[in-house]
Amino acid sequence: MPPESCECKWFDSSFLSGSCGSTGSLAFFMSLVDLVIRSQCSVADPCRRRTTATRFPAGLEYPEELDFVVVGGGVAGSVVAARLSEVPGWTVGLLEAGPEEPTATSVPAFASAAMGTELDWRYLTEPQENACLATGGICAWPRGKMLGGTGAMTGMMYSRGHRRLYDGWRDAGITGWGYDDVLPYFKKSEANRNPGLVEPDYHGFDGPISVQQFAHRPPMADSIVRAGVELGYRTGDLNGHNQTGFSVAQVMVDDGLRMSTSRAYLRPAHGRPNLFVKINSRATGLVLNKLNNRVQGVKYVDQYGEHMVRARKEVILSAGVVGSAHLLLVSGIGPAEELLRAGVTVFQDLPVGRNLQHHVSVGIAATVNASEEAHYLTMDGISEFLATRTGPLASTGLTQTTGFLTTSYAVDGVPDAQVYFDGLAPNCDKIPIDPEGPAYRNIDDGSKRAYVWARPTYLLTRSRGYIALRTGNPFDNPIIQPRYFQDRRDVLAMVESIRLVLALMGTRALAEWDMQPDPTPYPDCAHYPHGSDAYWICVVVTDTKPENHHSGTCKMGPVSDPETVVDPELRVLGIPNLRVMDASVFPTGPNCNPIAPVIMVAEKGSDMVKQTWRAYTHEYNVPPTK
Ligand SMILES: Cc1cc2nc3c(=O)[nH]c(=O)nc-3n(C[C@H](O)[C@H](O)[C@H](O)COP(=O)(O)OP(=O)(O)OC[C@H]3O[C@@H](n4cnc5c(N)ncnc54)[C@H](O)[C@@H]3O)c2cc1C
């Protein structure tokens with residue numbers, strides 16, 4: 001169906017053509033794939049998308065004053081804007097630097113295809129002494145720039161982390177954030193569609209985010225779970241009473257399509273006359289009033305120039321771990337010395353940007369006797385997906401399998417390592433029209449073997465980095481200094497995680513696929529005895545895979561903690577009508593994929609805002625969250 005025949009007009013970002021780093025016939029093929037997917041109205045959802053039009057409900061220009069202004073329409077911001085605009089008497093604005101979420105991001109097989117494109121902020125770290133040495137110590141930090149944010153280019157895995165983690169927050173003085181306090185918000189956001197697979201007391205069944213297993217998986221995914229069981233791990237609900245073990249994960253999908261928060265929360269709210277979503281509009285600073293220590297509004301830039309929107313009640317930053325910290329810093333809220341060095345007038349001296357945390361991983365290659373399982377991206381596969389929302393395009397291949405493990409560095413049995421798998425997915429690695437392309441680099445035709453990867457990941461890293469101003473110009477990227485492996489225990493725990501993965505590869509369950517770790521020594525580490533600790537340490541620091549699960553740059557804490565940026569009500573200290581709601585508030589990053597915890601923060605934070613203003617004005621009755 002051509003786009004014109006859909007009833008509503010819309011603009012879609014096309015990004016697949018460049019997503020394989022390809023030129024010529026590959027780029028053409030991927031453009032065609034993009035076009036075919038975009039032309040399906042049931043996938044494109046044209047009538048509920050946001051457009052760049054400057055006209056808003058009732059023929060208004062974008063308002064100059066609103067009750068609430070939310071900055072960043074990513075995972076958290078989409079939730080916050082949708083929840084606050086449930087109150088009919090309030091006006092809510094959402095500013096997002098990127099465009100509406102493109103249609104093709106909703107196809108699971110293209111999970112991360114937007115990385116490296118215009119839909120990615122494409123941040124780079126400062127050179128690291130002990131990480132990413134293969135790329136000069138510089139690690140890539142992909143971050144989504146579109147409605148749905150980074151959540152629109154993820155593997156969609158739904159994971160919540162261990163209860164002790166949240167109880168640890170509570171015990172550190174962060175009142176109201178113990179596991180029993182946050183569980184209702186996990187449940188509120190969730191519509192679990194596999195009730196038979198989960199422990200019902202821990203799950204929600206009628207929230208906005210559809211959570212279920214993919215409609216398709218390569219059979220090897222189940223073998224990996226069996227391999228875990230063979231090693232003595234449990235399988236089952238990893239978001240229930242026990243997080244440790246292996247499973248084919250539940251993911252955020254609905255009817256075969258990615259369920260980003262922009263699709264789950266914003267699109268159903270598209271008809272609300274009090275919600276003003278503005279895409280392609282980048283916030284450049286906060287307007288602050290020293291007389292009353294309040295934020296008055298937000299400056300932003302769109303295609304027409306610079307504007308300001310005033311906030312009668314509150315401004316909420318949901319611009320992510322980099323974006324929220326950066327916006328505070330350029331606005332004069334941050335470490336005083338650093339601000340002065342960058343020529344920024346200090347409004348509030350706070351440790352913004354500190355406490356930066358991350359997960360870290362490395363890819364361990366293996367070959368398997370599974371060439372028939374290595375699905376290629378073909379037009380038949382695309383037709384199958386569009387007609388039935390099943391088939392190889394309806395999943396991320398082996399990436400949907402995961403395990404949570406403990407190393408000897410784990411405390412109180414809380415899993416500190418996670419293993420992911422990659423391979424057997426029909427993405428742009430496996431396009432049949434280019435015999436010299438990556439598909440054929442990965443598959444040795446003679447032996448009919450395919451490459452797969454296990455990705456041991458360390459979750460509870462002890463190294464801490466920071467984000468700081470490079471200049472006071474909001475368009476200059478900040479300094480991103482993660483200090484990977486600054487704490488030696490992080491690299492030693494990685495080596496243990498690698499050994500757990502190698503044990504997994506040696507199980508009978510995976511022998512069925514003749515899984516063989518790739519014996520080729522990593523070139524830069526070949527001078528170490530193969531397989532020794534020194535060899536693996538070298539591989540980890542050379543071929544580091546930063547796991548994209550960053551947190552902590554606007555740390556939530558008790559007022560007494562000198563590292564605190566936001567209080568347990570998510571208010572920036574000293575500025576009562578400015579809150580932060582996104583992954584930057586985690587005092588310690590969750591030991592899991594972070595989207596579900598980020599949504600929980602946004603849900604809980606939105607209820608706090610509703611409570612605050614109810615207390616002042618009785619404007620709105622907050623329904624209890626069970
Ligand atoms: C490749 C990859 C795979 C991942 N896989 C998973 C997974 O399977 N499961 C999981 O749970 N997590 C996954 N993650 C992590 C997850 O995506 C992030 O933790 C999560 O998106 C963080 O949410 P957030 O709301 O804090 O920020 P984001 O989702 O990044 O949202 C921030 C938003 O703010 C906007 N913004 C920033 N600055 C400004 C500004 N100045 N003005 C206006 N707008 C601005 C951005 O464009 C963006 O839309 C993955 C991440 C990556 C990169």
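The following questions and answers examine the disulfides and one sheet of this predicted model.

The structure is a predicted model in which local features need pLDDT of at least 70, side-chain atom pairs count only at pLDDT 80 or more, and totals for chains, interfaces and linings use all residues. Residues are numbered from 1 along each chain as its sequence is written, and side-chain values use heavy atoms, with hydrogens and water left out.

Q: Why is the link of Cys8 and Cys47 called a disulfide?
A: A disulfide is a pair of cysteine sulfur atoms within 2.5 Å. The sulfur atoms of Cys8 and Cys47 are 2.0 Å apart, so the pair meets the definition. The link is right-handed, with 100° about the S-S bond. Cys8 lies in the segment before α1 (16–19) and Cys47 in the loop between α3 (41–44) and β1 (65–71), 39 residues apart.

Q: What makes Cys8 count as partly exposed?
A: Buried means under 20% relative accessible area, exposed over 50%, and partly exposed in between (1.4 Å probe, protein chains only). Cys8 has a relative accessibility of 25%, and therefore counts as partly exposed. Cys47, with 39%, is partly exposed by this definition.

Q: How do you know that Cys525 and Cys538 form a disulfide?
A: Their sulfur atoms are 2.1 Å apart, so the pair satisfies the cut-off for a disulfide. This link is left-handed, with -80° about the S-S bond. Cys525 is in the loop between β24 (516–517) and α15 (533–542), whereas Cys538 is in helix α15.

Q: Why is Cys538 called buried?
A: Its relative accessibility is 11%, which means that Cys538 counts as buried. Cys525 is buried with a relative accessible area of 0%.

Q: Why is Cys554 in no disulfide?
A: The nearest cysteine sulfur, that of Cys592, is 19 Å away, so the pair does not meet the cut-off. Cys554 counts as buried because its relative accessibility is 0%.

Q: What makes β5 and β9 edge strands of their sheet?
A: Four strands form an open sheet in the order β5-β6-β8-β9, with mixed pairing. β5 (190–192) and β9 (257–258) each have a single partner strand, so one side of each is left without a neighbour in the sheet. Strands (E, at least two residues) are DSSP runs, as are helices (H or I, at least four), numbered from the N terminus.

Q: How do you know that β5 and β6 pair?
A: Two strands pair if DSSP finds at least two bridges between them. Three bridges join β5 to β6 (residues 209–212), so the condition is met. These two strands run parallel, and Ala191 has Ser210 in β6 as its bridge partner.
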